[in-house]
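Biologist: Please take a close look at a single part of this model, the disulfide, and then set a strand beside it for context.

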Amino acid sequence: MTTHPLLAAPILPMTRQHARLALSVLALCTLGLNLSASGQKSAFTTFDPPGSVSTSANSINRSGAIAGFYSDGNMNHSFLRSPDGTLTTFDFPGAIGTDAASLNPAGTITGLYFDANFVEHGFVRSPDGTLTSFDVPGSVGTTPTSINAAGEISGSYSDAKQVPRGFLRDPDGTITSFDVTDSSAGTYSTGMSPSGEIIGYYNDWDEYPQPQRGFLRSPDGTYTTFVAPPGEGCSSCRVNVLSTYPSSINRAGEIIGNFYRDDGETVYGFVRERDGRMTILDAPCPGGSIFPNSINAAGVIAGNYYGCGAEHGFVRDRDGKLTTFDPPGSTSTQPTSINDTGVITGFYADASGVTHGFLRSPAAKRRGGQQH
């Protein structure tokens, strides 16, 4: 399944330096959004692994298992939360930080760990708890971002010249590295579909104004590149879109993400259909910025927006209705992943700035942990 990039933080500019140790890892016309009441029919469960001072839930599969990481104040550890609420923590042996990024339907987890020299390596954790390390040949830093049901893993790595490139790791361990043809300064993979389509963005610094463009890589290695439409009041100024950031793709090939223009003031969302048609998403308040982070098989989207007095989570249904929500006590809500049953996970900050994991169910179903 795909996951959002580890946080939709402001992207001005989007160079994607990895700050995971800090847990702050972040139709051509405007669609009117209907803002409904906040969380009236939803149930929230909050959770933290034992000893956590900051929790980041990053990926949820169809059964409701959640993978993520947390800090004990000294280093990051990863966790798996089972559907019954049981929390299992783990570290890659010898690591000074282990960050789980994505979880597939079978319960296999991928992510990264830092060795004693602060070098990033990829890992796979099988459902029985076996941990396997991997690196792209020639890599000086490997960052997996997504694992699908087949066990394929996509992500990015830095070569010896510190140039970012994409990679695909097959279930047998074979790794293929790739670059978008037009890329002149780095290719970043951000997600993958169940069928192995990979999305991401690349730097096209050979063309003014050095934009970041989105891409879709098919399983046969064919690339489709795209730029988000420019937004309201700018019907023909496509060149003014400086950054297009795809964040998630579902089994139907629908891609979501965000973009910003050269004014650098507002971040917009987008939905791209398989045929290339794109719809712009706006935050539900003037001047707000919106970050669609995850899309499920039904086309339901989860994400966050800010600039409307606070940072809130949202869920957008297939018809375009946007519902805002926040776990009780939240001052900043960051949904990261939605599964095919509509259950959402992510994390939120309380009044003291401490982050906690949360689970949002569409209907009130009791789960392990503290329920509201």
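Modeller: What follows covers the disulfide, then one strand and its partner. The model is predicted, so local features need pLDDT of at least 70 and side-chain atom pairs count only at pLDDT 80 or more, while totals for chains, interfaces and linings use all residues. Residues are numbered from 1 along each chain as its sequence is written, and side-chain values use heavy atoms, with hydrogens and water left out.

The structure holds 1 disulfide, a term for a pair of cysteine sulfur atoms within 2.5 Å. C285 and C308 form this link, with their sulfur atoms 1.7 Å apart. The angle about the S-S bond is -70 degrees, and the link of C285 and C308 is left-handed. The two cysteines are 23 residues apart and tie together distant parts of the chain: C285 sits in the loop between strand 23 (278–281) and strand 24 (289–295), and C308 in the loop between strand 25 (301–306) and strand 26 (312–316). Strands here are DSSP runs (E, at least two residues), numbered from the N terminus.

C285 counts as buried because its relative accessibility is 18%, whereas C308, at 26%, counts as partly exposed. Buried means under 20% relative accessible area, exposed over 50%, and partly exposed in between (1.4 Å probe, protein chains only).

Now the strand. In strand 12 (residues 141–147), 7 of the 7 residues are buried, so strand 12 is largely enclosed by the rest of the structure. Strand 12 runs antiparallel to strand 13 (residues 153–158), joined by 6 bridges; strands pair if DSSP finds at least two bridges between them. G141 stands opposite S158 in strand 13. The two strands form a hairpin with 5 residues between them, and G151 in the turn has a positive phi of about 90 degrees.

Notes
Helices (H or I, at least four residues) and strands (E, at least two) are DSSP runs, numbered from the N terminus.
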